[in-house]
Amino acid sequence: MQRPFATMLSSGSLVAAVAAAATALVSCGGGGGGDAAVATSADPAVLASGQQIFRHDTFGDEIFWSDTLKMHTVIEQSVTPRVALSVGLKVDVDALPQGVKDALAAGKVDLDNPQTTLTLLKLGAVIGLEGQVTTDANGVNHLARLGVTCAVCHSTVDNSFASGIGHRLDGWPNRDFNSGAVVALSPALNPAQKAIYSSWGPGKYDARFNLDGQNKPSVIPPAYGLAGIHKVTVTGDGDEVAYWNRYVAVTQLGGQGTFSEPRTGVNVTHGDQDLVTSALPALQAYQLSLAAPTPPAGSFDGQAAARGQLLFQGKAQCASCHSGAQFTDANERLHPVSDSMAEPEVPSAAARSATKQYRTSPLRGVWQHAPYFHDGSAPTLEAVVTRYNARMVLGLTPQEVSDVGQYLRSL
Ligand code: HEC
Ligand code: HEC
């Protein structure tokens, strides 16, 4: 069983082949087309709308997560708050009434009862999950349907209340979220499918598996620090964030709309209404408004970082690709497969992409999101530099490797 999602999706009436008429509505090629008008906006009303979409819009994907995968049933029956937190789901403390916060702090909330999970969903407090919860005459909660939003992977919390419970940090990748383990709870999957999803681990997701049947997840990347970068994804598939937003909303979340990409042959339409296109401008504006976080005070050695900067620009040759304010040459060029220190890998992420190449990763805020490279194969920034040092035969001493590491921590 190679293509569980695709097979499940196409086996139902939920998914139609793309009608010729529909392709005219969607972007194609390098992210232009219908998304070309999507622009950056500083209009507070647009940003507020984009934030709402990023956090709460399911694009009608309940059809996939509930009607097909039956996740609402699993959650109602067996996902306790303890289980939810253990697979990396996060709770937004700002969505909790004071009484719930007090009870939590006093240890009076039952974390081993799925009913509590449903209460949290009813409050809109589980980041990235939108549940339609009803409460019956006996006071028992029921989860009628469940949808998933972008925030489940691209937001986390600051743990200010407790581990996994705090204020939202939009754009920070949720590297604790074990998406595969969650999907593997679906009763609609067979053991072979569950084994693949269960193999992914925390912080990783394969955004092409359901379409090409190949299995090698990437780390969830940050959604901040992307303003001014006109190649999105690690392979630079689109010219604008909205290109990939459409891809994910339709082909991964199962949202209602259309995505068509002649370079990979991906043509997906869900439903006969489009709940994605109209959301794209505000969603993109919000994402582009998310600045990379600055390093915490005292998190790096300033003198070593200054030495590292000189090395980065000189002996270590990093700036030949990590150039400009965002530390990437993405707007000028993409790179051959051999320029990725995650390669050779099987299957190659580039080979599965639209461009077959790699984008130089932007480095602002890089201190925040270990592990590194698209496959997460470098656990620290020093491990990154060590790998470049060996592969590019840079001749950096251990002290110099450390200095470049300190510089990266300062960005
Ligand atoms: C299940 C986890 C998951 C969810 C949910 C998810 N993403 Fe992602 N996202 C990823 C992964 C993994 C990648 C890396 C893909 C790649 O680079 O090939 C990614 C990449 C991206 C990128 C490219 C970032 C860059 O550096 O260029 C954008 C933009 C993005 N996602 C937006 C969204 C939006 C918008 C949504 C909601 C519609 C969403 N994502 C939902 C996991 C997720
Ligand atoms: C020939 C171009 C090139 C050079 C030179 C280069 N890089 Fe990169 N860098 C890339 C590309 C392409 C990627 C994305 C690789 C991947 O994830 O597959 C990347 C990724 C990274 C990442 C991972 C970022 C993340 O989000 O995971 C770091 C950190 C980094 N480079 C630092 C450096 C440092 C430090 C140097 C100098 C020692 C350097 N790079 C030299 C092209 C380059």
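Which residues come nearest to ligand 1? Of the 23 residues around this ligand, C150, C153, V232, T233 and V234 come nearest, where a residue is near a molecule or strand if its C-beta atom, placed from the backbone, lies within 6 Å of it. The structure is a predicted model, in which local features need pLDDT of at least 70 and side-chain atom pairs count only at pLDDT 80 or more, while totals for chains, interfaces and linings use all residues. Residues are numbered from 1 along each chain as its sequence is written, and chains are lettered from A and ligands numbered from 1 in the order in which they are written.

Two elements, α9 (151-154) and α13 (241-252), give two or more residues to the shell around ligand 1. Helices (H or I, at least four residues) and strands (E, at least two) are DSSP runs, numbered from the N terminus. With five residues, α13 supplies the largest share of this shell. By class, the shell around ligand 1 holds 17 nonpolar residues, six polar and no charged. In this scheme Ala, Val, Leu, Ile, Met, Phe, Trp, Tyr, Cys and Pro count as nonpolar, Asp, Glu, Lys and Arg as charged, and the others, Gly among them, as polar.

Around ligand 2 there are 26 residues, of which C318, C321, S340, S361 and Y372 come nearest. Here the elements that give two or more residues are α17 (381-391) and α18 (398-409). The largest share of the shell around ligand 2, four residues, is that of α17. The shell around ligand 2 comprises 17 nonpolar, eight polar and one charged residues.

Helix α18 also packs against another helix. The axes of α15 (residues 302-313) and α18 come within 7 Å and cross at roughly 100 degrees; axes are lines fitted to C-alpha atoms, for helices over the stretch in contact, and angles run from 0 to 180 degrees between N-to-C directions. The crossing therefore makes α15 roughly perpendicular to α18, since angles under 35 degrees count as roughly parallel, over 145 as roughly antiparallel, 65 to 115 as roughly perpendicular and the rest as oblique. From α15 the contact involves A304, A305, R307, G308, Q309, L311 and F312, and from α18 it involves E400, S402, D403, V404, G405, Q406, Y407 and R409. Two residues are in contact if their C-beta atoms, placed from the backbone, lie within 7 Å. The residues of the contact between α15 and α18 divide into six nonpolar, five polar and four charged.

Strand β10 (residues 257-261) runs antiparallel to strand β11 (residues 266-270), and five bridges join them; two strands pair if DSSP finds at least two bridges between them. Within this pairing, E261 stands opposite V266 and S260 opposite N267. Four residues lie between the strands of the hairpin, and G265 takes a positive phi near 75 degrees. In a regular strand the side chains alternate between the two faces of the sheet. G257, F259 and E261 point one way from β10, whereas T258 and S260 point the other way, and all are buried. Strand β10 is thus mostly covered, with five of its five residues buried. A residue is buried if 20 or more other C-beta atoms lie within 10 Å of its own, exposed if 12 or fewer, and partly exposed in between, with C-beta atoms placed from the backbone.

One residue of β10, G257, is in contact with A249; leaving aside neighbours within four places in sequence, the contacts of A249 are F59, G255, G257 and V276. A249 lies in helix α13 and is buried because 30 other C-beta atoms lie within 10 Å. A249 and L280, 31 residues apart in sequence, are 9.8 Å apart in space, C-alpha to C-alpha.

F59 has a phi near 55 degrees, a positive value in a residue other than glycine. F59 lies in the loop between α3 (44-56) and α4 (62-68), and F59 counts as buried because it has 30 C-beta neighbours inside 10 Å. N159, likewise not a glycine, has a positive phi of about 60 degrees. N159 is placed in the loop between β5 (155-157) and β6 (165-166), and with 14 C-beta neighbours inside 10 Å, N159 counts as partly exposed.

Two cis peptide bonds complete the description. One joins E343 and P344, with omega about 0 degrees, and another joins V346 and P347, with omega about -10 degrees. P344 lies in the loop between α15 and α16 (349-352), and P347 lies in the loop between α15 and α16.
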